[in-house]
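Dear colleague,

Please find below the structure that I am handing over to you. My notes on it follow directly after.

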There are 2 protein chains.
Amino acid sequence: MRILQAVTDDYISTAEPVGSRTIARKYGLGVSPATIRNEMSDLEELGYLEQPHTSAGRVPSDKGYRFYVDVLMDPVELSPAEREHLREELLSKQRAMEHTIHRAARLLSALTHYAAVVVAPRPAETAVRGLHLTPLDECHVLAVLVTEPGFVENHVIELPAPMSDEELDRLAARLNEFLRGKTLRQVTRGFLSRLREEIDSRSVYDETVELLMNSLGSGSEERVYLEGALNLFEQPEFRDVERAKPVLGFLEQEEAVASMLSGLCSRAGTRVVIGQEHSRAEMKECSMVTAAYRIGDSVVGAVGVVGPTRMDYARAVSVVEALAESLSEALSHVPRRPA
Amino acid sequence: MRILQAVTDDYISTAEPVGSRTIARKYGLGVSPATIRNEMSDLEELGYLEQPHTSAGRVPSDKGYRFYVDVLMDPVELSPAEREHLREELLSKQRAMEHTIHRAARLLSALTHYAAVVVAPRPAETAVRGLHLTPLDECHVLAVLVTEPGFVENHVIELPAPMSDEELDRLAARLNEFLRGKTLRQVTRGFLSRLREEIDSRSVYDETVELLMNSLGSGSEERVYLEGALNLFEQPEFRDVERAKPVLGFLEQEEAVASMLSGLCSRAGTRVVIGQEHSRAEMKECSMVTAAYRIGDSVVGAVGVVGPTRMDYARAVSVVEALAESLSEALSHVPRRPA
DNA sequence: GTTAGCACTCTTTCCCGGTGAGTGCTAACC
DNA sequence: GGTTAGCACTCACCGGGAAAGAGTGCTAAC
């Protein structure tokens with residue numbers, strides 16, 4: 001185990017296959033290269049190490065990394081200065097919420113030198129704070145939904161029939177009263193039909209409400225912020241464009257990344273996915289460290305970094321965790337007003 | 001000139017330095033390779049062509065490309081099918097405006113196979129359609145600004161003193177009446193002070209309005225949508241990561257790209273910037289074709305593609321122009337409602 | 001169980017000559 | 001005078017070895 005650890009540590013920091021001599025010299029294990037060679041040979045047979053070719057040093061396999069992450073790795077603590085920096089950047093929220101999320105992604109990539117991904121809170125999971133309807137023309141309305149921590153999401157809907165400004169205002173006021181404080185997920189069919197009964201029963205209203213809720217509920221894709229994709233090129237394994245292209249191509253697809261991350265982070269906690277463990281073929285050369293962030297106690301989104309399997313897992317985990325923590329704090333901090 | 005055109009055309013399509021034999025064979029100019037060699041030698045002396053090394057073919061210089069773009073290039077028309085495709089994608093605007101802009105960027109990159117950049121309309125240049133204030137907590141308000149074609153922009157502002165929901169509502173209603181139909185640029189200091197006099201003269205209001213207008217006016221950065229950055233890797237000149245990094249790094253900086261594009265496209269029309277003509281060092285290996293798009297008659301944003309100097313200028317120009325045109329149409333199409 | 005010694009493997013690097021594309025120059029041609 | 005054929009020359013681009021170097025596996029001794 002100490003040898004596996006040494007090999008992994010060394011490979012992570014040098015990106016060169018590591019040989020028995022190196023281990024003996026740099027990591028005083030008190031044994032000679034020959035012994036280490038024997039052990040490494042065993043580790044290879046067990047599947048924890050691999051050899052790029054016969055006369056090269058050893059490299060951890062995905063299985064090796066997995067063991068390293070689960071058992072061997074020395075956890076690192078973020079320095080107090082870095083921690084403070086994070087909180088400062090995220091908690092001073094004089095800007096729109098999108099800025100906070102965006103900045104979170106930038107911080108993550110800057111602190112790890114990997115590519116960073118942040119999935120913005122799903123509107124369906126966050127409580128509604130306000131709904132505004134702005135007429136665009138006779139039969140189009142722009143619906144702006146403001147959710148709890150201050151996110152804004154907008155949709156254009158086509159009215160089944162023209163509606164006056166006054167009618168729209170009334171509808172908006174009614175809906176506001178009704179939705180405020182609930183998450184869209186909580187707004188079930190039952191709720192809706194009750195609302196419809198309460199409201200003026202003109203069928204235009206009826207259809208409009210239906211449309212609105214559909215649009216707001218289903219149409220809300222998750223926004224993904226990708227930062228520092230270029231960092232990947234600093235990694236020797238992605239110096240070759242052909243190797244980097246699949247990964248970058250995947251990361252550019254917002255929906256795919258969003259569904260991957262939110263699938264992974266349905267529960268709180270940090271996840272590490274290593275190489276072949278990925279379900280997506282494009283990612284099988286990469287590792288990913290992700291953590292969920294919360295508003296109050298409910299998980300609403302995820303942050304993560306993507307790098308080579310030869311990733312500095314210890315640091316990545318600590319940065320991702322600290323960032324998820326600070327982001328949760330930033331989003332939860334706004335005191336709820338009484339409804 | 002015919003030889004320069006032939007060399008440029010050929011180099012654009014093959015990416016290989018082109019020799020006298022090739023020209024003679026592929027472009028029946030009715031003269032022998034030797035003649036072409038003499039001419040090419042002259043063209044090199046005049047600075048229109050360059051030789052990578054003594055025994056290679058010729059390649060257009062930036063000056064050569066400039067002459068090609070200004071004088072020689074055969075303009076291409078987009079096929080009716082492509083034209084129709086563009087309009088269809090952009091004019092069916094059942095979605096939020098951001099989607100239209102985003103899609104414009106995607107279309108641009110898909111049609112040209114270069115990197116595409118779209119600068120979203122500056123809120124300050126577009127007429128206000130509505131302003132909504134949503135309280136976040138006792139002293140923070142989320143201001144949502146809806147501008148003419150349906151764009152939404154939001155800002156968090158800190159109130160100088162707590163304000164009740166009712167007060168906020170009244171303020172919002174007043175501001176709405178006042179701002180609707182004007183662009184933020186039109187809202188001058190004079191306007192503002194008149195507004196302040198009209199409104200309840202409590203100093204809280206006063207300061208709040210001041211804050212709001214500042215925040216909305218100055219704080220509004222231009223959003224840049226970048227798509228297809230990966231396309232650059234398909235180009236032989238960017239196959240090497242080291243060559244591609246500066247460009248990509250530059251394109252990732254939203255503010256820099258925004259200011260470059262909006263500087264370039266203050267007036268309507270298409271611009272081509274070739275290699276060394278760029279002010280930014282990172283772009284001196286690239287060319288860029290940009291065009292402004294409008295809402296009604298006023299220029300509000302720009303679209304562009306970035307590729308190697310060996311760009312298919314003819315096609316790039318026609319695609320960029322067609323897209324800018326369709327986008328203008330899409331954004332202007334919403335009939336204004338009487339104020 | 002550990003270690004030194006040693007032959008062996010395999011990649012990497014560098015050199016070197018051959019090949020081919022393309023040029024520039026010169027002299028001839030119309 | 002412009003155009004062309006001919007020819008020597010240049011230079012990047014392979015492909016094949018040879019040499020170097022890193023690291024291993026095996027064996028025999030400790």
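I begin with the DNA. A base oxygen of DNA strand C is 2.9 Å from an N or O atom in the side chain of Ser55(A), a polar contact being a pair of N or O atoms within 3.5 Å; within protein, one atom must be able to donate a hydrogen and the other to accept it, and residues adjacent in sequence count only if both atoms are side-chain atoms.

This is a predicted model, in which local features need pLDDT of at least 70 and side-chain atom pairs count only at pLDDT 80 or more, while totals for chains, interfaces and linings use all residues. Residues are numbered from 1 along each chain as its sequence is written, chains are lettered from A and ligands numbered from 1 in the order in which they are written, and side-chain values use heavy atoms, with hydrogens and water left out.

Phosphate oxygens of DNA strand C also meet chain B: one is 2.8 Å from an N or O atom in the side chain of Ser20(B), and a phosphate oxygen is 2.9 Å from an N or O atom in the side chain of Arg58(B). There are 20 residues around DNA strand C, and those that come nearest are Ser32(A), Thr35(A), Thr54(A), Ser55(A) and Ser20(B); a residue is near a strand if one of its heavy atoms lies within 4 Å of it. Sugar or phosphate accounts for 74% of the strand C atoms within 4 Å of the protein, and bases for the rest. By type, the residues of this surface divide into 4 nonpolar, 13 polar and 3 charged (nonpolar: Ala, Val, Leu, Ile, Met, Phe, Trp, Tyr, Cys and Pro; charged: Asp, Glu, Lys and Arg; polar: the others, Gly among them). Helix H3 (33-45) of chain A and helix H3 (33-45) of chain B each supply at least two residues, and H3(A) gives the most, with 4 residues. Helices (H or I, at least four residues) and strands (E, at least two) are DSSP runs, numbered from the N terminus.

Next, the relation between the protein chains. A turn of 180° and a shift of 0.0 Å along the axis lay chain B on chain A with an RMSD of 0.1 Å, which is the relation of a two-fold axis. The copies are superposed by least squares on the C-alpha atoms of residues with pLDDT of at least 70 in both. Val241(B) is the residue of chain B that comes closest to the rotation axis, at 3.2 Å (C-alpha).

Some local features remain. In H1(A), the buried residues include Ile3(A), Leu4(A) and Tyr11(A), where buried means under 20% relative accessible area, exposed over 50% and partly exposed in between (1.4 Å probe, protein chains only). Ala15(A), just after H1(A), takes a positive phi of about 65°. Ala15(A) is in the loop between H1 and helix H2 (20-26) of chain A and counts as buried at 17% relative accessibility. His113(A), in the loop between helix H6 (97-112) and strand E3 (115-119), also has a positive phi of about 65° although it is not a glycine. Most residues other than glycine have a negative phi.

In chain B, Glu148(B) lies in the loop between strand E5 (140-147) and strand E6 (151-158). Glu148(B) is buried, with a relative accessible area of 8%, and its side chain makes a polar contact with the side chain of Arg129(B) (3.1 Å).

With kind regards
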